[in-house]
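Reader: I should be grateful for a close look at a single part, namely the pockets and what surrounds them. Please explain each term as it arises.

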Amino acid sequence: MNNLTVIDHPLIKAKITQMRDVNTTTKMFGELVDEISGLMCYEITRDLEVEEIEIETPITKTKGYRIKGSDLAIIPILRAGLGMVKGIHQLIPTAKIGHIGLYRDHDTLQPVEYLCKLPNDLEHRNVILVDPMLATGGSAVKAIEILKERGAKSIRLASLVGCPEGVAAVHNTYPDVPIYLAAMDEKLNEKGYIVPGLGDAGDRLFGTK
Ligand code: URA
């Protein structure tokens, strides 16, 4: 599929398997989300532009690189998206962090914004939108709509587990948004859960039911 990267790496494969396991504790689950998000960051940021800079080592002057404009924003979709922030932010500490909160309207079943706090210079930033599960794609589509309305020009979506339905929903509306997944699962079930999936990512992260 166009504009879709399913990251193929032994460490990610093994860690996703541990996450899926119903016996994995809340503590372990959170640590795995951190680790996988950090590993994914390598691929998500592969195309970022760098600029040459001069520095001085203890030995001599030399040239090196820095990320152009140090211009990233990490935007989690609440609440499960919060789990992916730390692993990415540790690698890109200059990134600003925004938040988008969405709930599903009981009647329309559509996602509705209840919170939106974003960096005010969004148009100059490469946005990494994070949500661990790309299921129906409804939340991701709504979050991308909000980000574009607020001026974002470069958005990439990172999820741990996706399915064909979610990828299609995002790409039917926003084919320009690259999607990065750690695993592409089989399908959605009738309750909207990804199969085989890992259950409710928010519940597993925060120990709720
Ligand atoms: N959200 C989750 O947390 N898990 C799913 O399987 C689907 C949506």
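Author: Residues are sorted here into nonpolar (Ala, Val, Leu, Ile, Met, Phe, Trp, Tyr, Cys and Pro), charged (Asp, Glu, Lys and Arg) and polar (the others, Gly among them). The model is predicted, so that local features need pLDDT of at least 70 and side-chain atom pairs pLDDT 80 or more, while totals for chains, interfaces and linings use all residues. Residues are numbered from 1 along each chain as its sequence is written, and side-chain values use heavy atoms, with hydrogens and water left out.

Let us begin with the largest pocket. About 960 Å³ of space lies in it; a pocket is an open set of points, on a 1 Å grid over the protein atoms alone, where a 1.4 Å probe fits, with protein on both sides within 12 Å along at least five of seven lines, and its lining residues have an atom within 4 Å of a point. The volume is the space filled by probe spheres set on the points, which are joined across faces, edges and corners. The lining of the largest pocket consists of 31 residues, and R104, D131, M133, A135 and S139 are those nearest its centre. At least two lining residues come from each of β4 (72-78), β6 (99-104), β9 (133-134), α4 (138-149) and α6 (201-206); helices (H or I, at least four residues) and strands (E, at least two) are DSSP runs, numbered from the N terminus. By class, this lining holds 15 nonpolar, ten polar and six charged residues.

The ligand takes up space in this largest pocket, in the sense that more than half of its atoms lie within 2 Å of the grid points. Around the ligand are M133, A135, G192, Y193, I194, G199, D200 and A201, each with a heavy atom within 4 Å of it. M133 and A135 thus appear both around the ligand and among the residues nearest the centre of the pocket. In this shell, five residues are nonpolar, two are polar and one is charged.

Polar contacts (pairs of N or O atoms within 3.5 Å) come next. One ligand oxygen atom is 2.8 Å from a polar backbone atom of I194, and a ligand nitrogen atom is 2.8 Å from a polar backbone atom of G199. A polar backbone atom of A201 lies 2.7 Å from an oxygen atom of the ligand. Of the 240 Å² of accessible area that the ligand has on its own, the protein covers 82%, by the Shrake-Rupley method with a 1.4 Å probe.

The second largest pocket has a volume of about 220 Å³. Its lining has 13 residues, and T26, D203, R204, T208 and K209 are the closest to its centre. Both α2 (26-44) and α6 supply at least two residues of this lining. By class, the lining of the second largest pocket has three nonpolar, six polar and four charged residues. Helix α6 therefore contributes to the lining of the largest pocket and to that of the second largest pocket.

How values were computed: A polar contact is a pair of N or O atoms within 3.5 Å; within protein, one must be able to donate a hydrogen and the other to accept it, and residues adjacent in sequence count only if both atoms are side-chain atoms.
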